[in-house]
Every structure is written in structure tokens, then in C-alpha cells.
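Let's walk through this model together, one charged side chain at a time. Have the viewer open and follow along.

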Amino acid sequence: MTGRVLVVDDVPSNVKLLEAGLSAEYFEVITAFSGHECLIMVAEQDPDIVLLDVMMPDMDGMEVCRHIKSDPKTAHLPVVMVTALN
């Protein structure tokens, strides 16, 4: 059984890059392109881990992470913040 990874980024090329690399390693990859979509996918798809962009226009990654961690059903879900910031 492979892990299910939720990749979240508002830049489609970033999502495709991560998706290609993870799929090549036999992970099941699901994607979202906004914070709101991420929260829906977390509830519906039960990912094993979330790779979450920090800077997104509608709801930034920090806010999305706070929502995930404040829900007892998803508080245990690992979230890795991904950023191009230096």
C-alpha cells in the first residue's frame, strides 16, 4: 500500500512538479489549488500527509494548517509547509 499525499499550491506548474516526483516513487497523489479546496480534500480523501504551499491568495498555508490542526479528526495529520521564500 502506498501513501496518499495531498499536494496544495495555487501555481499549477508547482503542483505538477511535485505530483510527477511523488508518482514516480509510487505515492498516490491528490491535488488542490487553494486553501478551501485543501480543507475539502482533507475531509473527503483522508490523505496520509499534506504538502502545503505557504503563500496562496485566498487562504494562506498557515491559516489552512491552523484549520487542519484545530479539528480533532485531522489534528494528527502531518503537514509539511512548502515555500519558495528564502
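Glu28 has a relative accessibility of 34%, so this residue counts as partly exposed; bear in mind that the model is a predicted one. The side chain of Glu28 joins that of Arg4 in a salt bridge, with 3.2 Å from N to O. Glu28 belongs to strand 2 (residues 28-32) and Arg4 to strand 1 (residues 4-8), so the pair ties together parts that are 24 residues apart in sequence. Arg4 is also partly exposed, because its relative accessibility is 23%, and the cut-offs for that class are 20% and 50%.

How many salt bridges does a search of the whole structure find? The search finds two. As background, side chains of opposite charge can pair when their charged atoms come close. Besides the pair you have just seen, Glu19 makes a salt bridge with Lys16, and their closest N and O atoms are 3.6 Å apart.

Where do these two residues sit? Glu19 and Lys16 both lie in helix 1, three residues apart, which is about one turn of the helix. Glu19 is partly exposed at a relative accessible area of 23%, while Lys16 reaches 55% relative accessibility and therefore counts as exposed, the cut-off being over 50%.

Now look at the helix itself. Helix 1 covers residues 12-24, 13 residues in total, and spans 18 Å from its first C-alpha to its last. That is close to the 18 Å expected at 1.5 Å a residue. Just after helix 1 comes Tyr26, which takes a positive phi of about 70°.

Notes. Residues numbered from 1 in each chain as written. Predicted model: local features only at pLDDT ≥ 70, side-chain atom pairs only at ≥ 80, totals over all residues. Heavy atoms only, no water. Helix = DSSP H or I, 4+ residues; strand = E, 2+ residues; numbered from the N terminus. Expected span 1.5 Å × (residues − 1). Salt bridge = Lys/Arg side-chain N within 4 Å of Asp/Glu carboxyl O. Buried < 20%, exposed > 50% of the residue type's maximum accessible area, 1.4 Å probe, protein only.
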